[in-house]
Structure formats: C-alpha cells, structure tokens
Amino acid sequence: MRVSNLKIGQILINEGDITEEQLQAVLAKQKEEAHRGKRIADLLIEEKYVTEQQVCKALEKQLLIPYVDLDSLQLPEDVGSMIPEEMATSNLVVPIEKEGRFLTVAIADPLNYQGLKDISIATKMKVKAVIAEKSKIEAKLRELYAAQKALDDAKEFLESKGGAKTQAQIEAEEAAKSANGDDQPIIRFVNNMIEEAIRTKTSDIHIEPMEKCLRIRFRIDGHLQIYMETAAELIPSVTSRIKFIGNMNIAEKRIPQDGRINYRVGGKEIDFRISVLPSLFGEKIVMRITTSLGMELKKENIGFLPENLKKFDHLVKSNRGIILVTGATGSGKSTTLYTALHEVMAEDINIITVEDPVEMICPGITQVQTNEKAGLTFAAALRSILRQDPDIIMLGEIRDGETAGIAVQAAITGHLVLSTLHTYDAPSSVARLVDMGIEPYMVSSALLGIIAQKLARRLCTECKEAYTPDQNERIALNIPQDEQITLYRKRGCERCNKKGYRGRIAVHEVMMLTTTLKRAITEGKSTDELRDQAIAEGMIPMKENVRRDVIAGLTSYEEFVDMTISND
C-alpha cells in the first residue's frame, strides 16, 4: 500500500480543517489518556474539531485510498449475502460492489488488514477497500441486515410449522409460547420490526392483515411506506405476540383493544401505544411510538420563528390562564405541550397532567391516565386535581363542554392550564370553545394565547437541489420578480430513502390574547374578524411561517402549496 509521508494531523491543518493549537491540545489529551488507546483522528472527532467526513478525506490523502459517500450509493439487492453479518459488523465493513473476482468494500479503518484478509478468505475473492464514515457504515449495516433478518425469521417460523394447521391451532400455540423467550422466530421477527421502526424514526407501525399477505407499513415524516409484505400465515402469530407484550386479551378477537409496551433499545426506553381493530382478514394493529426519537424537549427544537419563540416564552411564564395548542392529529401538539412543561418544571411547582393515554413519561410530574369504564373521565379527574393543590395543570385534550367549563374555572381561579383542541388555526379555537357552551366573556377572561401547529416535511440536507424560482412561484411566495434568490427542491438520495425529505419542521401561528382581542371575543366577533385583528396586532399567519421556511431552504415550494392551499 502506498502511503503519504504526511501525518493525518498535518493534512487536516493543510486543508484548513483544524488549527495547530487544536492539534496540540488533542496530542496532549492523547498523552494524558494513553490508557484509552484513542487515535488522533478519533479524538479530533470526539472534540468536534472535525467531522467524520473530513477525517476520511484526510485518510484518502494519507493512505491514497479512495473515499466514498455511502449516502450517494445504491447498493445491489444481494449485497448483504456477500459477507456474513457478524464479520461485517465486527470489522465495520459494507460490501458495495462485486465485479468478477473482485469485491469492493467500504471500511471505517483501512488499516484493519486482518479484517480485510478474513473477508477475502470467507468470500474467496480479492478485496479492494475504500474509506467511509463509521456512522454511515453502521447505518448501512442496519439497513442491509435488518429486513433480511425479519424475512429469515418469518421463513424459519413457517418452515417450523411443517404440515398445514388451522388458524385456531396456530393461534393457540402462539399464545401459549409467547412468554418462553427471545429465541423463537416470531419473537425475533417482531423485535426486528420494532427496532427497524425506531432506527428509521417511524411515528406509527401499521400491521395490516390482507387476504393473501401480511402487509407492514411505517409512517415516516407523515407518509406511509411499505416495510414488508410477507405470508398471510404469520397474521395470527404476529397478532398474538403483539397483544401479549401489550398486556391485551389474546383470546378476544371481536372487539377493539388498546395496550402499551415499553421497549428498550440502545440503552433507551421507547414507549409504544397499541391499538387493535378487528377487520375482515384478521386484527389490524397500529403501534404509535410516543417517545420523541432524536429530539430533546427544548423550545429551540420545536421550530418556532424568533418572534413566536418570544411569545411562547411569555405564555409559559404566566401564572394563570389557559394556553391552547391546536392542530390535526399527528401535528406534534403533545410534544409542544411536554416541552412547555419541561420549561417550567421546578421543585417548588406542582404539575399534574390528565391524559388519554399518557404519551410520554415525565419524571417529577404527576401524570393521571383516564379510565372511562371506571368513571375516571377528563372532567372527573380534573375536579379531583383541583383538590391536589396544583400550580400547573395539563389536559391531554379538551373534548367536551364539561371539561372545558372546569378548565376555564381553574384558569380564572389562579391555575395555569395547558391543553389541546382539534382546530385548524388559532382564531377558530375561540368559536370551538363557545360551541362547547362556554360564554364568550368567560373565554376572553381565561384564555392567554393559542398556538396553532402543523408539520412540514424538511428537505434532505444531503441532496436538496438549488434552483431559481419561476414567475408563478415568485407570485405565490411574494418574491419580487427582479430579486436574485435561490430556492431548493427535493431530489432524493440514500440518506432520505429516495424521498427528498428527511424529518419534519413545525410551523405555527401564535395568537396572544390582547385587550383588543379579548373585547372582540366578548362582543361575539366572527373568526375572520378575530384573525384580521390578531394579524394587525402582530400574529404571523401559518402561511407566512411556511413561506419563510421555503425561502430559508428548510422546505420546498411543493410543501408550501400542500400546506396552505386549504387556507386560500
């Protein structure tokens, strides 16, 4: 192997990636922590002086081995079978191309000669190495082997059944065997499915019995994508397993059931809310991941515009009144509420929540789960909470006039109440409360502010494509025809699963209840009149929020049209 005489630290300095002072600091740390055996490159990444990609490109210059960006590569379908999974994961190697007797592999440590030699012996091929980031190799390995594992487990399970059995026999056997351990194929199948959903930041897993197959879909960034279609024979077994771990009645198949599981992966506890619904070919199951994946509960992470973030701060620091978060199902309302609670949590504040179900466990907060069958409704729980000396009350949702009335009374008598409503925008929430039977003067007295929220898909930062907007786009986005501006649109790469979008960003309108607006509510003004007044007093409409995100390159014009067309 040809090697440059330059050391990696000097290469990074020459490229302008680090300074001499940073290199010396890392060299000193390496000497102090010699027992850890860390290399200079690892320490530079650990200290966030450089990225993995910068180190890989420096290694490319030092070792004269090509660097490849795995996110831009489409791997062959049979590539996972080229190298045994254990060998690939232990050496952090991904096979990327087979040509004749040569196998090209991406490796995190190109100096791992023994690993490359073992792969050559195992595959009986000549191995050519290229360099790639460790994190991208790990992601590719999960992608390559997770689905294959699930398919293998499904195949093993079906083969283990041998001759034909009735559905009743299969269900009875699976129900009896569900608690026996983690080595059964059907248990591994369900575990692999769950772990893949967590890895891809799925919000909901849909397990759907069809006439000739079992279809599993993941909702990622608000859109359903097929994860797998497998044999219909798995339907009763998968259903029994999920109902078992969700503490539901396995024998009951005629009525809907709800459950919950807590799954531990990568040292983190992930909560799932499970809904089972009888259907024509079996029970459909939807598993909602209620733990916020990859997101800390910080107000800066929600996506507020700077102006709206100031309003949010002002609202959550209030001592009394109602703060409403509105939007459609799945628009992130609960995350915003939990973030608000996280902002105000303190040892001298008593916070109690009433939820159906409890979506996120919050240490230090008293959380109450409603139980309609036992008579513990939102209204009944709220009455009891008021005798628990609360400072702040969070209601999962205001569903009826009774709950709304008690919430208003609690706010007027000196409590801060946070809750949600299902309305499209902020001003229409006022009409919704009035429709529930709350007098307009009571609404105006109790309300502090309303935060309306929707989620827009975020453009993938790895592959988004720059372009100059055309005349129609300029008109829609209110951009002068002579202004030089660059917008971005989706393209699609491996990192975003060819979708062009990766993750979502919240867009808002925050309506603060000013004296003028309170008077307008008391006088019974219409929703349109309230909206006009709120905008005149500084409310940024949701459409304007999306427009700014498009101009900032966070989302696309396509998303702007999809999210705002119903407003026009």
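**Exercise 1.** In which loop does Lys201 lie? State also which surface patch includes Lys201.

*Solution.* The model under study is predicted. Step one places the residue: helix 9 (185-199) comes before Lys201 and strand 4 (204-209) follows, with Lys201 in the loop between them. Step two turns to the surface, where Lys201 joins Arg142, Lys268 and Arg502 in forming a positive patch.

**Exercise 2.** Determine where Asn319 is found, whether Asn319 is buried or exposed, and which residues Asn319 touches beyond four places away in sequence.

*Solution.* Begin with the secondary structure: Asn319 belongs to the loop that links helix 11 (306-316) and strand 10 (321-326). Next, consider accessibility. The relative accessible area of Asn319 is 65%, and the cut-off for exposed is over 50%; Asn319 is therefore exposed. Finally, examine the contacts. With residues up to four places away in sequence set aside, Asn319 touches Gly414, His415 and Leu416. Val417 offers a further reference point: 98 residues separate Asn319 and Val417 along the chain, while their C-alpha atoms are 9.4 Å apart.

**Exercise 3.** Describe the chain as a whole: how many helices and strands does the chain have, what percentage of its residues count as buried, and what share of the contacts with a separation of 6 or more joins residues 24 or more positions apart?

*Solution.* First, the secondary structure comprises 21 helices and 18 strands. Second, the chain has 568 residues, of which 47% count as buried. Third, among contacts with a separation of 6 or more, 62% involve residues 24 or more positions apart. To complete the description, the chain exposes about 28,000 Å², and carbon and sulfur atoms supply 49% of that area.

Methods:
Residues are numbered from 1 along each chain as its sequence is written. This is a predicted model: local features need pLDDT of at least 70, side-chain atom pairs count only at pLDDT 80 or more; totals for chains, interfaces and linings use all residues. Side-chain values use heavy atoms; hydrogens and water are left out. Patches are made of residues with over 30% relative accessible area and no salt bridge: like charges are joined within 9 Å, nonpolar side chains (Val, Leu, Ile, Met, Phe, Trp, Tyr) within 5 Å. Accessible areas come from the Shrake-Rupley method with a 1.4 Å probe; for residues, only the protein chains shown count as cover. A salt bridge is a side-chain nitrogen of Lys or Arg within 4 Å of a carboxyl oxygen of Asp or Glu. Lys and Arg count as positive and Asp and Glu as negative; His and the chain ends are not counted. The place of a charge is taken as NZ of Lys, CZ of Arg, CG of Asp or CD of Glu. Helices (H or I, at least four residues) and strands (E, at least two) are DSSP runs, numbered from the N terminus. Buried means under 20% relative accessible area, exposed over 50%, partly exposed in between (1.4 Å probe, protein chains only). Contact means heavy atoms within 4.5 Å.
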